[in-house]
Amino acid sequence: MPFFFPFLLFLSLLSAATACDRCVHQAKAAFYQDDAAGAYRGACGYGDLTPALANGYFSAIMPPLYKYGAGCGACFQVRCKNDKICTKEGTKIVVTDRNDNTYTGLVLSQKAFGEMAVSGKDGLLLSYGVVDVEFKRIPCEYKNQNLLVRVEEWSQYPSYLAIKLLYQGGQTEIVGMDIAQVGYSNWDYMGRNYGAVWETKKPLPKGPLQLRFVVTSGYDGKWIWAKYVLPADWRPGLIYDTGVQIYDIAKEGCPTEQCGDGQWRRR
């Protein structure tokens, strides 16, 4: 693949990943009756890594914010609207699943759902089952934690590679990914398999591999090069450190009328 990212494809990826994140969204929220099942079946593909990735604070989100998988790993602040039993701060969650239920916009882990309540009222809040909430995108913060790459079990060494990204910081989406042999500039693109999982589209070259990513940043996008590489003897199931952290904040030019409420409502 040539050095430059094809311009039209780049624009299409950015537009697909943009859904007015600065907006305050209004919805109803439920919670997983079985957190373990919610974590392992999540449409983002984090599987048994979900509890550690989100520290137990995870959620399924409506398709427009799931963004065909680009929204996986995004962080949101969520609070319920019942002033009598809910805090002003609410809770913070990481998107790990897609919620296709048209009645509820979010399905939170029980830990996250209960944390929206004032002290001692978490049981009462859980007994409601479904509550009205407002939520907004916030930057993900992973102090002292680099972006990690996990090689999926179905990868076939040495010719086919599927990976997912963990601990994506900032307020961005990863909308493109390339791979090449270390020391060479013939980059090949990787495609999104589903959720947070990307896969190679051509047979891999031999030797250690380097990765680069396109992330939404500012009103445009930027390339991020992994400092570390996948070794020549990479193996399915292992996790590799990219040596980089993402702090970027994507900005938007969407009209105010698309946002609904532009600020947290006053209480």
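**Group meeting talk: strands, rings and charges in one protein**

Hi everyone, thanks for coming. Let me begin with the overall inventory: this protein has 6 helices and 14 strands. Please keep in mind that what you see is a predicted model. Of its 267 residues, 53% count as buried. Among contacts with a separation of 6 or more, 74% are between residues 24 or more positions apart.

Let's start with the barrel. How many strands does the closed barrel have, and in what order do they run? There are 6, in the order β1-β5-β2-β4-β3-β6, and the pairing is mixed. From one strand to the next, the twist averages 45°. For a parallel example, look at β2, residues 58-61, and β4, residues 91-98, which pair over 4 bridges. If you want a spot to click on, Ser 59 has Val 95 in β4 as its bridge partner.

Now please move along to β7, where I'd like to spend some time. β7 pairs with two strands that I want to show you. With β8 the pairing is antiparallel, over 4 bridges, and with β14 the strands also run antiparallel, joined by 3 bridges. Val 149 has Leu 165 of β8 as its bridge partner, while Arg 150 stands opposite Ile 239 in β14. Which way do the side chains of β7 point? Leu 148 and Arg 150 go one way, Val 149 and Val 151 go the other, and all of them are buried. So yes, that includes an arginine, Arg 150, among the buried residues, and we'll meet Arg 150 again in a moment.

That brings me to charges. Side chains of opposite charge can pair when their charged atoms come close. The structure holds 12 salt bridges, and I'll walk through three of them. Take Glu 152 and Lys 164, whose side chains meet with 3.2 Å from N to O. Glu 152 is in the loop between β7 and β8, and Lys 164 is in strand β8, so this pair ties together parts that are 12 residues apart in sequence. Are these two residues buried or exposed? Both Glu 152 and Lys 164 are buried.

Next, Lys 202 forms a salt bridge with Asp 188, with the closest N and O atoms 3.6 Å apart. Lys 202 sits in the loop between β11 (197-200) and β12 (209-217), and Asp 188 belongs to strand β10 (residues 188-194), so here the parts tied together are 14 residues apart in sequence. Asp 188 has 21% relative accessibility, which counts as partly exposed.

My third example is Lys 201 with Glu 199, at 3.0 Å from N to O. Lys 201 is partly exposed at 43% relative accessibility, whereas Glu 199 is buried, at 13%. And here is Arg 150 again, as promised: salt bridges with shared partners join Arg 150, Glu 152, Glu 153 and Lys 164 into one network.

On to the aromatics. A search of the whole structure finds 6 aromatic pairs, and I picked two. In the pair of Tyr 142 and Tyr 167, the ring centres are 5.2 Å apart and the planes stand at 85°, so the pair is edge-to-face. Where do these tyrosines lie? Tyr 142 is in the loop between β6 (131-138) and β7 (148-151), and Tyr 167 is in the loop between β8 (162-166) and β9 (174-181), so the pair ties together parts 25 residues apart in sequence. Tyr 142 is buried, with a relative accessible area of 16%, and Tyr 167 counts as buried too, at 18%.

The second pair, Tyr 157 and Trp 234, is edge-to-face as well, at 5.0 Å centre to centre and 75° between the planes. This pair links distant parts of the chain: Tyr 157 is in the loop between β7 and β8, Trp 234 is in the loop between β13 (220-225) and β14 (239-241), and they are 77 residues apart. Tyr 157 is partly exposed at 37%, while Trp 234 counts as buried at 2%.

Tyr 157 has another neighbour worth showing. The charged end of Arg 235 sits over the ring of Tyr 157, 4.2 Å from its centre. Elsewhere, Arg 212 lies over the face of Trp 223, at 4.2 Å from the ring centre.

That's my tour. Thanks for listening, and I'm happy to rotate the model for anyone who wants another look!

How values were computed: Residues are numbered from 1 along each chain as its sequence is written. This is a predicted model: local features need pLDDT of at least 70, side-chain atom pairs count only at pLDDT 80 or more; totals for chains, interfaces and linings use all residues. Side-chain values use heavy atoms; hydrogens and water are left out. Rings of Phe, Tyr and Trp (its six-membered ring) pair if their centres lie within 6.5 Å; planes under 30 degrees apart count as stacked, over 60 as edge-to-face and the rest as tilted. Buried means under 20% relative accessible area, exposed over 50%, partly exposed in between (1.4 Å probe, protein chains only). A charge sits over a ring if NZ of Lys or CZ of Arg is within 6 Å of the ring centre and within 35 degrees of the ring normal. Two strands pair if DSSP finds at least two bridges between them. Axes are lines fitted to C-alpha atoms, for helices over the stretch in contact, and angles run from 0 to 180 degrees between N-to-C directions. A salt bridge is a side-chain nitrogen of Lys or Arg within 4 Å of a carboxyl oxygen of Asp or Glu. Contact means heavy atoms within 4.5 Å.
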